[in-house]
Amino acid sequence: MNWVTAVPLQAYLTLSAALFAIGLLGVLVRRNAIAVLLGVELMLNAANINFVAFWRYGSSANMEGQVFAVIVMTLAAAEAAIALAIILNVYRRFKTVNVDQINLMKG
Amino acid sequence: MPAGSEYLLIPGLPLLAFLLVAAFGLRPQDERAAPVPIIAALCGSLYLSLRALAHVAAAGPQEFSFPWLYVGTVQLDIGVLVDNLSALMMAVVSLVSLLVQIYSIGYMKGEIGYGRYFAYMSLFSGSMLALVISDNIVQTYIFWELVGICSYLLIGFWYRRPSAAAAAKKAFVVTRFGDLGFLTAVLLLSSFGLGIFGFTDLAHAAEQGALSKGLITAVCLLLFCGAMGKSAQFPLHIWLPDAMEGPTPVSALIHAATMVAAGVYLVARTYFLFALAPAALLVVAIIGCLTLFLAATMAVAENDIKRVMAYSTISQLGYMMMALGVGGYTAGVFHLTTHAFFKALLFLTAGSVIHALHTNDMWRMGGLGKRMPITSITCLVGALALAGLPPLAGFWSKDEILSAAWYSQLPGHWVFFALALATVFLTAFYMFRLWFLTFTGGERSEEARHAHESPWVMAAPLVILAALAAVAGGMKVSVPGSGEGFGELIRFGDEHEAVSRLAMALSIGAALAGIALAWAAYRANLVSPAAFNARLPRLYRLLKNAWYLNRAWELFAIRVVIAGSVLFAWFDRHVVDGMVNGVAWLCGAGSQQLRRLQTGQVQLYALVIALGIIAALIAVLGGAAHGLTFIGGGR
């Protein structure tokens with residue numbers, strides 16, 4: 001029992017859930033496309049915390065949790081690059097990054 | 001050669017001739033050879049049917065069939081049934097066909113569509129023979145419709161003439177009225193009648209009581225509906241006078257001798273059913289009796305030579321039907337046979353006259369006896385045979401019908417006898433009116449003064465048919481090929497064979513009176529028809545307009561059919577279309593509402609996705625307590 005395990009799993013999960021909720025809220029309510037992207041990043045990192053926490057408290061001695069966290073980080077980096085490129089193009093097309101005003105797909 | 005294939009050749013040969021002519025004989029440069037295959041084929045058919053007649057008269061009925069289709073539990077066969085009735089009928093059909101085709105070579109010479117004419121005619125002959133030889137009712141129906149379409153094609157042969165096209169259409173539609181009954185009868189037999197269609201099997205089943213009385217009566221009445229259409233029985237007779245728009249040999253073959261007799265043949269073929277349905281027989285007798293009398297009255301006031309004969313045909317078909325109805329099976333079929341000869345003869349003589357004069361109006365003829373002696377004499381033979389004077393064919397058969405009505409067990413058979421006797425008088429009158437107007441007296445037109453006798457190719461069939469019409473009554477004693485008398489050959493059960501001498505004398509008397517009146521009115525000018533018409537203008541108009549039955553049908557068509565159509569059109573437009581359009585409208589309106597969901601707002605979509613996931617999680621985990629403890633309790 002070291003200092004890390006002194007913190008119970010519930011604490012990690014609570015932190016992760018809070019981060020995920022904040023990220024989701026950001027995605028749903030912020031108007032700025034970049035802020036929406038930030039929310040997405042928060043949600044990804046909330047998932048990462050879960051991965052690592054379950055790995056640490058899990059019975060398995062394997063590295064899956066850590067490996068998954070690294071993969072998610074890679075994906076998040078790639079996703080950020082693509083999303084920023086899209087946002088840049090959207091700005092050029094619409095002269096705004098306000099997602100409320102980008103509703104070409106309205107039926 | 002498989003058994004029965006010899007019989008298949010009887011209808012098969014003319015059908016092959018049809019294929020041959022249709023494939024190679026239609027171009028103008030090939031047309032001259034078109035009559036050759038059909039005449040050769042009909043010679044073969046005639047020879048084979050006479051052989052078949054001799055064979056079955058000695059050896060009894062022959063039947064061959066093989067399965068054709070299985071529809072559910074119902075099995076449809078194709079087969080031939082050769083018994084005395086069908087063999088005799090085939091001999092008559094192929095003989096008259098052959099003579100009419102030979103005649104057509106002369107009559108149709110130089111016509112546009114010469115090859116087409118012979119192609120249709122051979123298709124007709126083959127179909128008619130196949131109809132006769134069919135061993136089951138479905139096959140009969142198929143060929144029944146085929147002869148109907150041939151009739152349509154040949155009535156409308158001169159299709160550029162609007163009246164011919166209209167007449168063809170009328171014939172087709174009116175007979176279709178009757179055919180609907182025939183088809184319903186077939187369907188009734190297939191759904192309620194054990195699914196058997198073969199005539200032999202049906203006769204067995206009916207004999208053993210496997211078919212209910214009600215079913216038999218219904219089937220008989222419906223079959224008779226079909227027969228009424230085909231055999232031009234009142235009130236479906238209106239198509240036959242108009243059918244005279246076709247070439248005259250067509251009228252002689254199809255609308256006098258063979259196809260119109262198919263209705264009589266159908267009733268005779270299914271007589272084993274009619275014998276068990278007295279109500280249906282009574283209907284047959286009443287309709288036949290009405291037809292024979294009404295049609296004869298219509299013929300009296302007609303001036304078109306062919307239409308007189310058309311009404312006469314209707315009337316004679318009525319005789320046959322009435323004979324079958326009052327129980328004179330032999331008499332009906334005998335009259336069918338003799339009538340085929342003398343009526344074909346009469347039509348061909350009319351054709352000969354029309355060929356020479358290019359008019360149908362009897363008032364533009366006259367005095368042709370000197371210029372066309374063969375036509376005149378053969379027509380006289382035919383007229384005497386039709387009027388029923390001994391020793392010509394019509395006398396013997398008509399006399400048997402009168403006797404059958406005389407001795408009939410039916411209620412009110414005196415009425416049948418009286419009307420039939422009155423019609424003997426009318427028949428003699430209208431026939432000799434025709435003959436006197438056409439062949440005696442002075443010429444009433446320029447064409448009549450320059451008429452010439454027809455070429456031998458037309459005259460020869462006239463002479464042969466006249467000889468047949470004169471001696472066909474001898475079949476009463478001995479049918480050629482079988483050596484038996486007609487009564488022994490064609491019979492149903494033990495029929496009353498007695499011939500009433502009184503009926504015979506009355507019929508001869510009535511015929512002579514009719515001829516005498518015609519002579520007095522149209523030859524000797526002792527009585528004036530014009531004065532008679534002036535005295536009774538209403539009667540004259542009634543007869544002249546054929547009892548206004550055409551008008552009645554038109555009114556029926558306009559009032560009832562159009563009114564019904566309006567109703568159905570409304571139903572179609574508003575209910576049937578309404579349902580279809582309603583479904584489309586519902587989809588459209590629903591989509592209009594649904595498209596509002598598609599806001600284009602990405603965040604709204606994300607919200608819906610999130611809420612959806614939450615709902616899904618609650619649904620999956622809601623009941624699973626251990627899942628909740630896992631999330632809540634850790635390890």
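I began with chain A and read its pattern along the sequence as α-α-α-α. I counted four helices and zero strands there, where helices (H or I, at least four residues) and strands (E, at least two) are DSSP runs numbered from the N terminus. I looked up its radius of gyration next: at 18 Å, it is well over the 13 Å that the globule rule gives for 107 residues, so chain A is more spread out than a compact globule. That radius is taken over C-alpha atoms, and the globule rule is 2.2 Å times the number of residues to the power 0.38.

I noted that this is a predicted model, in which local features need pLDDT of at least 70 and side-chain atom pairs count only at pLDDT 80 or more, while totals for chains, interfaces and linings use all residues. Residues are numbered from 1 along each chain as its sequence is written, and chains are lettered from A and ligands numbered from 1 in the order in which they are written.

I then took the span of the C-alpha trace of chain A along its principal axes, about 55 × 25 × 25 Å. Of its 107 residues, 11% count as buried (20 or more other C-beta atoms, placed from the backbone, within 10 Å of the residue's own).

I turned to the contact between the chains, to which chain B gives 12 residues and chain A 14 residues (two residues are in contact if their C-beta atoms, placed from the backbone, lie within 7 Å). On the side of chain B that touches chain A, I found four nonpolar, six polar and two charged residues. Here Ala, Val, Leu, Ile, Met, Phe, Trp, Tyr, Cys and Pro count as nonpolar, Asp, Glu, Lys and Arg as charged, and the others, Gly among them, as polar.

Within chain B, I examined helix α3 (residues 84–107) against helix α10 (residues 248–257): they pack at about 165°, with their axes 9 Å apart. Axes are lines fitted to C-alpha atoms, for helices over the stretch in contact, and angles run from 0 to 180 degrees between N-to-C directions. α3(B) and α10(B) are therefore roughly antiparallel (over 145 degrees). Their contact has eight nonpolar, three polar and no charged residues.

I last compared α3(B) with helix α15 (residues 329–357) of chain B, whose axes come within 11 Å and cross at roughly 5°. These two are therefore roughly parallel (under 35 degrees). Among the residues that meet are Val96(B) and Tyr103(B) in α3(B) and Ala344(B) and Leu348(B) in α15(B).

Key: A residue is buried if 20 or more other C-beta atoms lie within 10 Å of its own, exposed if 12 or fewer, and partly exposed in between; C-beta atoms are placed from the backbone. Angles under 35 degrees count as roughly parallel, over 145 as roughly antiparallel, 65 to 115 as roughly perpendicular and the rest as oblique.
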